[in-house]
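User: I would like to go through the helix packing and the pocket of this model with you, one question at a time. Please give the reasoning before each result.

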Amino acid sequence: MNKSIKNSIIYNVYPTSFYDSNKDGIGDLRGITEKLSYIKQFADIVWINPVYKSPFGDGGYDVEDYYAIDEKFGTIDDVKELTEKAHLLGMKVLFDLVVGHTSDKHKWFRESQKYERNEYSDYYVWTDSVFDECSYKHMTGTCERDGNYLVNFFSFQPSLNFGFAKKTESWQNLYTDEPCLKVHEEVLNIIRYYLNLGIDGFRVDLACSIVKDDECGKASCEVWRKIFGEAKKEFPNALFVSEWGQPHYSVGSGSFDIDYLTHCFSDGYNLLFRKESGTNVIKSDGNSFFRKEGKGECKSFFDYFLSCLKEIEGKGYISVVTGNHDLPRISMGRTEDELKAVFAFILALPTVPMIYYGDEIGMPYTKLKTKDGGYCRTGSRTPMQWTSGKNAGFSDTDGELYLPIGDNYKTVNCDDMEKRDNSLINTVKDLVSVKREYLGKFSENSSFELLNEDYPLIFTRKNNGKVFYCAINPSDREYAVDLPESSMVLLSNNVTVSEKEATLKGVSFIWAIAD
């Protein structure tokens, strides 16, 4: 268990849209490097979505060459410069490890699809014949090889051969078979390459589904334990974050350091933030707990969260996210006060929280025509709104931007909001600062007690005689709550305090600490 990250915060950067350093209308690695000091105010770990060479049919999640940086983002030297500056600032950099599939333009696949057998023939999952009936998502009749190839998502993303948890067809490999071991070694080589460049670790895409038909995740966990175990012999401090949503598997058994909860596997996260129609990448309809209407519930989240927390104790961490590149913006339909309540909740939990770029200012979700295979996700990938000036301060180009700026950048931008007292960005900065100063002293073994899982939500964390108290009222109703004995208010919003009682007005929160 890497205890050095117990009070860390992750900041997720979509590189195309963060900051353009060379005036071509596209964000790049140097742009991220220039803005590291800004990110440091909110987080000490930066996760960057894929920057490898790619046709960008799926936002870079269709990799053409793992060992080349896509020219629109920069060069390998830019990677080195980024990591060097990050380390000087005491920050860590995570790249995206996308190895469940590649682009169909990758050299490995171009060789694998050939009629003649070669060293890459078994790197992907192929049936024996194009006429085979196949219940898996696949492509057929597009290659000279006589066989169908499995795909993970889009048609141009052929599945790398990590094998199957159990073999039911002649063309399948078990995950322990020799062809799969060759793929394991390729993944390990990619990891070593970037760790040698100074990258501190990886967020692992589709971590739960690399082995097919792996219902309980046992086989996938076994593969990751093996790969990470080898990597950590050379790089013992390397970090691995899973896209999984089941920490009891990924962290508990798969050797991941962190697993983050989003819309998959458990509905608890959705019930917190994303039940209303249009607020999720999956179909949703209902009421979120974090809405001023106060019609939601958070019991489902805490039932799952607390059970996971117990199962991974001493092994790693859970992350709860504000959003990411796959989800509509958390700002949809929420006021600044509602977003403050969301941040007060996420940053108070005993987790390694994750902030999606721009959520700290409430950047909008903009309905857009698909770009780079984003479809409904495209509207969450618009350029960062730095200022109210030209191109929202994202780029100084006189040409066209890769994606359009959000309509509200004149009022929702970092520069103007930083000048306004009690703005969302300043509240998030205050929350992060208090978290670092006070909650950083709490050990990973500090107790967590849920005092009320209705409106208002109340919980405590206890450690070495100190009590951290958090009460959050996402609704527009008013509540009076009792504060712990001898407590000191750390931060609050829309709250009045008198002696031992706090009045939580509509959409409010309070953080306090007591001995």
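User: Is the crossing of H5 and H6 left-handed or right-handed?

Analyst: This is a predicted model, and in it the axes of helix H5 (residues 178-197) and helix H6 (residues 218-234) come within 10 Å. They cross at roughly 40 degrees, which makes H5 oblique to H6. The handedness of this crossing of H5 and H6 is right-handed.

User: Which residues in H6 are met by H5?

Analyst: On the H5 side, the contact is formed by Leu-181, His-184, Val-187, Leu-188, Ile-191 and Arg-192. By class, the contact of H5 with H6 has eight nonpolar, one polar and four charged residues. The residues met in H6 are Val-223, Trp-224, Lys-226, Ile-227, Glu-230, Ala-231 and Glu-234.

User: Is H10 roughly parallel or oblique to H12?

Analyst: The axes of helix H10 (residues 336-348) and helix H12 (residues 424-437) come within 10 Å and cross at roughly 15 degrees. Because angles under 35 degrees count as roughly parallel, the relation of H10 to H12 is roughly parallel.

User: How many nonpolar, polar and charged residues does the lining of the largest pocket have?

Analyst: The largest pocket has a volume of about 830 Å³, and its lining is made up of 35 residues. Those that lie nearest the centre of this pocket are Asn-152, Phe-153, Leu-206, Glu-243 and Asp-326. Divided by class, the residues of the lining come to 15 nonpolar, 10 polar and 10 charged.

Conventions: Residues are numbered from 1 along each chain as its sequence is written. This is a predicted model: local features need pLDDT of at least 70, side-chain atom pairs count only at pLDDT 80 or more; totals for chains, interfaces and linings use all residues. Side-chain values use heavy atoms; hydrogens and water are left out. On a 1 Å grid over the protein atoms alone, a cavity is a set of points where a 1.4 Å probe fits but cannot get out, and a pocket is an open set with protein on both sides within 12 Å along at least five of seven lines; lining residues have an atom within 4 Å of a point. Grid points are joined across faces, edges and corners, and a volume is the space filled by probe spheres set on the points. Ala, Val, Leu, Ile, Met, Phe, Trp, Tyr, Cys and Pro count as nonpolar, Asp, Glu, Lys and Arg as charged, and the others, Gly among them, as polar. Axes are lines fitted to C-alpha atoms, for helices over the stretch in contact, and angles run from 0 to 180 degrees between N-to-C directions. Helices (H or I, at least four residues) and strands (E, at least two) are DSSP runs, numbered from the N terminus. Angles under 35 degrees count as roughly parallel, over 145 as roughly antiparallel, 65 to 115 as roughly perpendicular and the rest as oblique. A crossing is left-handed if the near helix is turned anticlockwise from the far one by less than a right angle, and right-handed if clockwise. Contact means heavy atoms within 4.5 Å.
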